[in-house]
Amino acid sequence: MLLGFSSRYEKVYQGSVLDLIAETVKEALDMAKLEPKDIDGVITTWLPWIFDGTLAIGFPENYISEYLGIRPRFTDLVQYGGASAVEMFYRAYKAVKSGEADRVLCVIGGKGTLMKKQLREGGLERLSEVEVLNILRNNPFDEFIRVYQDMDPISFYAMVAARHSKLYGTTDEQRALLAVQQRYNANSNERALFRGPLTVKDVINSRVVSTPLHLLEITYPIDGVLAFIVGKGTSQLRSMDIISYGDAVWPEFFAERDVDIVYTPTIESAKKIDFNLNKIDAFEIYDAFTIMVLTELEDLGLTEKGKIGKFVEENDLTIKGNIPVNTGGGSLNMGQPAYMSGIIILEEAFLQFNNMAKGHQVNGADYILVNGLGGWNTHATTLVIGEKR
């Protein structure tokens, strides 16, 4: 089902985003031994400003198809924010199973660094200033919500971390321990942007960006693209299926929900997963911030709500441990391509399943759970991938 994949991640990519896409797609096609004419489906996503610095593109799926010389009979545009890559994989799988397409190319990413550059050139420091000026709207009630300039989305997840600490006593040190364990994994991954020794004390001593989150608990935005092809036919890759799938959409602004902000939509998507979590060999968990991983692991059911701090202390989440989590170091150490960590965790699942994770391979990675979150905890997609027997 997975015929080929490739990625390019750079701190700042010097070419155009279309060059970046073309290079990455060619590598994925080469792995699949296909040409553009063989592709009959295209799925992508698009975030304002983050793709290539523009605020709007009318038809992103057509835009990319035309540049690559593809004439698809099936297209889809997935707007799950950070969870989009994971959702795209499922939709491509479903399109091939239903016969809507034979070989679907999924492309996701962009040059997120352009937004930061253009904000500064425009005399602005934060995305929230754009939202206050009503240039970009994320919510029908933005004029009531965007009264103060926050550090969107860092401020939101800082509130989640503060709330979790207030309700359950989760400490800064327990969140920092998660960062330390992911760094351990990154130190064996030659593609990780951030490598080297890291201690709980290092994390705690890094500057506070938004109370209580420290700098080393927050992912670093980079440029990058992931391309993968799902379809019929032979492949050099291991036969892969989606064993179980669940998703959830919470459209309400978080202050308007009837659940506490320490819960994520994963608590709903995980209920649709029909698989024994004790049989999972590796967990790839959306990790733009340490608190995201902790709340997702709770919502997946690995421990009770409020007990994740002790869980992290009592378990080894590294690649040598009893519950491997974010085996390549996650986006906390790889960087966050185009503000979407789902790219990193999905590719890591592909690598692990195919025994291609050089230096950070988990032995016997037959079943991998991938959990994507996006849009300020408005979307969740949970997958278990493996080989049907």
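Angles under 35 degrees count as roughly parallel, over 145 as roughly antiparallel, 65 to 115 as roughly perpendicular and the rest as oblique. This is a predicted model, in which local features need pLDDT of at least 70, side-chain atom pairs count only at pLDDT 80 or more, and totals for chains, interfaces and linings use all residues. Residues are numbered from 1 along each chain, and side-chain values use heavy atoms, without hydrogens and water.

**Exercise 1.** Classify the packing of helices α7 and α11.

*Solution.*
Step 1. Locate the helices (DSSP runs of H or I, at least four residues, numbered from the N terminus). Helix α7 covers residues 154–168 and helix α11 residues 290–300.
Step 2. Take the angle between N-to-C directions, on a scale from 0 to 180 degrees, using lines fitted to C-alpha atoms over the stretch in contact. The angle is about 60°, and the axes are 9 Å apart.
Step 3. Apply the classes: α7 and α11 are therefore oblique to each other.
Step 4. List the contact residues (heavy atoms within 4.5 Å). Helix α7 supplies Tyr157, Val160, Ala161 and His164, while α11 supplies Ile291, Met292, Thr295 and Glu298.

**Exercise 2.** Describe the largest nonpolar core.

*Solution.*
Step 1. Define the core: buried Ala, Val, Leu, Ile, Met, Phe, Trp, Tyr and Cys residues joined through side-chain atoms within 4.5 Å. Buried means under 20% relative accessible area (1.4 Å probe, protein chains only).
Step 2. Count: the largest core has 72 residues. Phe89, Val104, Phe228 and Phe289 have the most contacts inside it.
Step 3. Find the main contributor: helix α3, residues 84–98, gives the most, with nine residues.
Step 4. Look elsewhere: another core of 24 residues lies apart from it, including Leu29 and Val225.

Definitions and conventions:
Buried < 20%, exposed > 50% of the residue type's maximum accessible area, 1.4 Å probe, protein only. Helix = DSSP H or I, 4+ residues; strand = E, 2+ residues; numbered from the N terminus.
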